[in-house]
Amino acid sequence: MSKSRMDSRVVMSRMDYEILRRVHERAVSIGLGDEELSFLMGKRNKYFFDLLDPTDKDKLKTEQLDVLPVILGVGIRDLVPNEISPGEDVIIYGYKRVTATKIVYRHCVRYHNGQESGTVVWSKRVIRGVRRKLNLVLHKAVVEFLDEGYFDVHRSALELYIELNAAGLVFTPSDLQKSLSVLMNRKRSLPVSLKCESLHSRYYYIRA
């Protein structure tokens, strides 16, 4: 797709672009969905995919970089390149298309030396009205943590994810998010056990 068919022209730091690109590629390579990544970062579900929007200059905040290597299982240098000059920018020629079933971001990159990338496409399907099945083994472990006082202080999703993985449980971040949502659901006949609070721009979970 040529630049003439793109909707926008955005100037952004090359470092910011490369970090976003590397995070996205690593997440895809390990089968981690963008909503699962956002959840483990302590953000709303759409957070990371919204960052990929080539028509916007939103970027990962510096304080978020500390959790990404842990989530993605890589070193910080795998995400933050060291060959980029300070102050180096790129021009992003972007296009986005949003329908009821799919979001598509297309862009090409013009570098400071005049070179251009090919067209890059990032897309996701929009799935509505599908209820995730509760992982009963995982949920039992989360309830045990609750009963033992684990949530008497604020806990992040990533902390809990690491603890449960260390216990040898087999589950996905989506399974964990489902379990936590069940414990926070006011529509159940049982009392609400957990609540979610925002601290320092991240979501944490604590006993209700």
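**Contacts along the chain**

I started with how far apart in sequence the contacting residues sit. Of the contacts with a separation of 6 or more, 61% are between residues 24 or more positions apart. I should jot down here that this is a predicted model.

**Fold order**

Next I counted elements: eight helices and six strands. Reading from the N terminus, I get β-α-α-α-α-α-β-β-β-α-α-α-β-β. So much for the order; on to the overall dimensions. I laid a box along the principal axes, and the C-alpha atoms fill roughly 60 × 40 × 30 Å.

**Burial, surface, charge**

I have 208 residues in the chain, and buried ones make up 43% of them. The exposed area comes to about 11900 Å², with 49% of it supplied by carbon and sulfur atoms. For charge I tallied 34 positive and 26 negative side chains. How far apart do the centres of the two sets lie? I get 7 Å.

**The largest pocket**

I went looking for pockets, and the largest holds about 850 Å³ of space. Which elements give two or more residues to its lining? My list is helix 2 (34–40), helix 3 (47–51), strand 4 (120–125) and helix 8 (173–184). Helix 8 gives the largest share, four residues. The whole lining runs to 25 residues. Nearest the pocket centre I find Glu 35, Lys 124, Arg 125, Val 126 and Ile 127.

**Lys 124, a pocket residue**

I picked Lys 124 out of that central group for a closer look. Lys 124 is in strand 4. Is this lysine buried or exposed? I have Lys 124 down as buried because its relative accessible area is 15%, and the cut-off for buried is under 20%. Beyond four places in sequence, Lys 124 touches Asp 34, Glu 35, Phe 49, Thr 101, Lys 102 and Ile 103. Glu 35 turns up again here, having been listed with Lys 124 among the residues nearest the pocket centre. I also checked Lys 124 against His 24: 100 residues separate them in sequence, while their C-alpha atoms are 12 Å apart in space.

**Ser 38, in helix 2**

Helix 2 was on the pocket list, and Ser 38 is in that helix. I read 0% relative accessibility for Ser 38, so this serine counts as buried. What does Ser 38 touch, not counting residues up to four places away in sequence? I noted Lys 43, Arg 44, Asn 45, Lys 46, Tyr 47 and Phe 48.

**The cavity**

Then I moved on to enclosed space. At 30 Å³ or more I count one cavity. About 90 Å³ of space lies in the largest cavity. I wrote out part of its lining, which includes Met 12, Tyr 17, Leu 20, Leu 51 and Leu 52. Three aspartates are also in the lining, Asp 53, Asp 56 and Asp 58, and so are His 107 and Trp 122.

**Glu 18, in helix 1**

I looked up Glu 18, which lies in helix 1 (residues 14–29). Glu 18 has 5% relative accessibility, so I log it as buried. Leaving aside neighbours within four places, I find Glu 18 in contact with Leu 79, Pro 81, Ile 84 and Tyr 111.

**Gly 75, between helices**

I placed Gly 75 in the loop between helix 4 (68–72) and helix 5 (76–79). At 32% relative accessibility, Gly 75 goes down as partly exposed. I also paired Gly 75 with Tyr 111, which was among the contacts of Glu 18. Gly 75 and Tyr 111 are 36 residues apart in sequence, and I get 26 Å between their C-alpha atoms.

**Phi check on the last loop**

Last, I went through backbone angles. Most residues other than glycine have a negative phi. Where does His 200 lie? I find His 200 in the loop between strand 5 (194–199) and strand 6 (202–207). His 200 has a positive phi of about 55 degrees, though not a glycine. Ser 201 lies in the loop between strand 5 and strand 6 too. Ser 201 also has a positive phi, about 70 degrees, and is not a glycine. For accessibility, I have His 200 as exposed because its relative accessible area is 74%. Ser 201 has 48%, so I put this serine down as partly exposed.

Terms used: Residues are numbered from 1 along each chain as its sequence is written. This is a predicted model: local features need pLDDT of at least 70, side-chain atom pairs count only at pLDDT 80 or more; totals for chains, interfaces and linings use all residues. Side-chain values use heavy atoms; hydrogens and water are left out. Buried means under 20% relative accessible area, exposed over 50%, partly exposed in between (1.4 Å probe, protein chains only). Contact means heavy atoms within 4.5 Å. Accessible areas come from the Shrake-Rupley method with a 1.4 Å probe; for residues, only the protein chains shown count as cover. Lys and Arg count as positive and Asp and Glu as negative; His and the chain ends are not counted. The place of a charge is taken as NZ of Lys, CZ of Arg, CG of Asp or CD of Glu. On a 1 Å grid over the protein atoms alone, a cavity is a set of points where a 1.4 Å probe fits but cannot get out, and a pocket is an open set with protein on both sides within 12 Å along at least five of seven lines; lining residues have an atom within 4 Å of a point. Grid points are joined across faces, edges and corners, and a volume is the space filled by probe spheres set on the points.
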